[in-house]
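Here are some notes to read alongside the structure. I have kept each point short, so you can check it against the model as you go.

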Amino acid sequence: MTKYDTDYTNYPVCPYCGHEHDDYVYAEGSEDYDCEACGEEFSIEPDVEITYTTSCKTHDYSDFREAKGMKFEVCTRCGAVRSA
Ligand SMILES: [Zn+2]
Ligand SMILES: [Zn+2]
């Protein structure tokens with residue numbers, strides 16, 4: 001534990017003053033960084049989490065549904081929905 005929450009944060013947080021560096025540009029690997037607020041140097045170690053998004057390549061919107069008075073077309077292959 002440290003004074004400030006510095007683990008797995010969305011932005012690098014200065015461990016000295018808690019300043020959030022929300023304009024930080026992701027650098028590969030760890031690097032030393034001077035805090036914009038207090039000037040102290042601290043080290044940043046990026047935690048990279050990779051997620052994947054896939055989508056159906058050729059939708060087949062041949063299934064029709066109706067909900068709340070709206071008509072929808074549903075892809076029979078992947079279940080994607082679009083308004084008809
Ligand atoms: Zn600082
Ligand atoms: Zn599809």
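Strands, labelled E, are DSSP runs of at least two residues, numbered from the N terminus. With that in hand, Lys-68 can be placed in the loop between strand E3 (63–67) and strand E4 (70–74). Please keep in mind throughout that this is a predicted model.

1. **Confidence.** The mean pLDDT of the protein is 91, and 99% of the residues reach 70 or more. Confidence is lowest in E3, at a mean of 91, and highest in E2, at 96. As a general caution, coordinates predicted with low pLDDT should not be read in detail.

2. **Overall make-up.** The protein has five strands and zero helices. Read from the N terminus, the order of elements is β-β-β-β-β. The domain assignment splits the protein into domain 1 (1–51) and domain 2 (54–84). How far apart are the C-alpha centres of domain 1 and domain 2? They lie 43 Å apart.

3. **Overall dimensions.** The radius of gyration of the protein is 23 Å, whereas a compact globule of 84 residues would have one near 12 Å. Taken along the principal axes, the C-alpha atoms fill a box of roughly 60 × 30 × 25 Å.

4. **Burial and contacts.** A residue counts as buried if 20 or more other C-beta atoms lie within 10 Å of its own. On that basis, 4% of the 84 residues are buried. Turning to contacts between residues at least 6 apart in sequence, 11% of these join residues at least 24 apart.

5. **The hairpin of E1 and E2.** Strand E1 (31–34) and strand E2 (41–44) pair in the antiparallel sense, over four bridges. If you would like a pair to find on screen, Tyr-33 has Phe-42 in E2 as its bridge partner. Six residues lie between the strands of this hairpin, and Gly-39 takes a positive phi near 85 degrees there.

6. **Glu-40.** Next to look at is Glu-40, in the loop between E1 and E2. Is Glu-40 buried or partly exposed? Glu-40 counts as partly exposed, because it has 13 C-beta neighbours inside 10 Å. Leaving aside residues up to four places away in sequence, Glu-40 touches Cys-14, Tyr-16 and Cys-35. Glu-40 and Cys-14 are 26 residues apart along the chain, and their C-alpha atoms are separated by 8.3 Å.

7. **The sheet of E3, E4 and E5.** Three strands form an open sheet in the order E3-E4-E5, with antiparallel pairing. E3 and strand E5 (81–83) are the edge strands, each pairing on one side only. From one strand to the next, the twist averages 35 degrees. As a reminder, strands of a sheet pair through backbone hydrogen bonds, either parallel or antiparallel.

8. **E3 in more detail.** Five bridges join E3 to E4, and the two run antiparallel. Within this pairing, Arg-65 stands opposite Phe-72 in E4. How many of the five residues of E3 are buried? The number is zero, so E3 lies largely in the open.

9. **Lys-68.** The hairpin of E3 and E4 has two residues between the strands, and Lys-68 takes its positive phi there. The value is about 50 degrees, although Lys-68 is not a glycine. For context, most residues other than glycine have a negative phi. Lys-68 counts as exposed because it has 4 C-beta neighbours inside 10 Å, and the cut-off for exposed is 12 or fewer.

10. **Tyr-8.** Which segment holds Tyr-8? Tyr-8 is found in the segment before strand E1. Tyr-8 also has a positive phi of about 50 degrees and is not a glycine. With 7 other C-beta atoms within 10 Å, Tyr-8 is exposed.

Notes:
Residues are numbered from 1 along each chain as its sequence is written. Chains are lettered from A and ligands numbered from 1 in the order in which they are written. This is a predicted model: local features need pLDDT of at least 70, side-chain atom pairs count only at pLDDT 80 or more; totals for chains, interfaces and linings use all residues. Domain bounds come from an automatic or database domain assignment. Two strands pair if DSSP finds at least two bridges between them. The radius of gyration is taken over C-alpha atoms; the globule rule is 2.2 Å times the number of residues to the power 0.38. Two residues are in contact if their C-beta atoms, placed from the backbone, lie within 7 Å. Axes are lines fitted to C-alpha atoms, for helices over the stretch in contact, and angles run from 0 to 180 degrees between N-to-C directions. pLDDT is the predictor's confidence in each residue, from 0 to 100.
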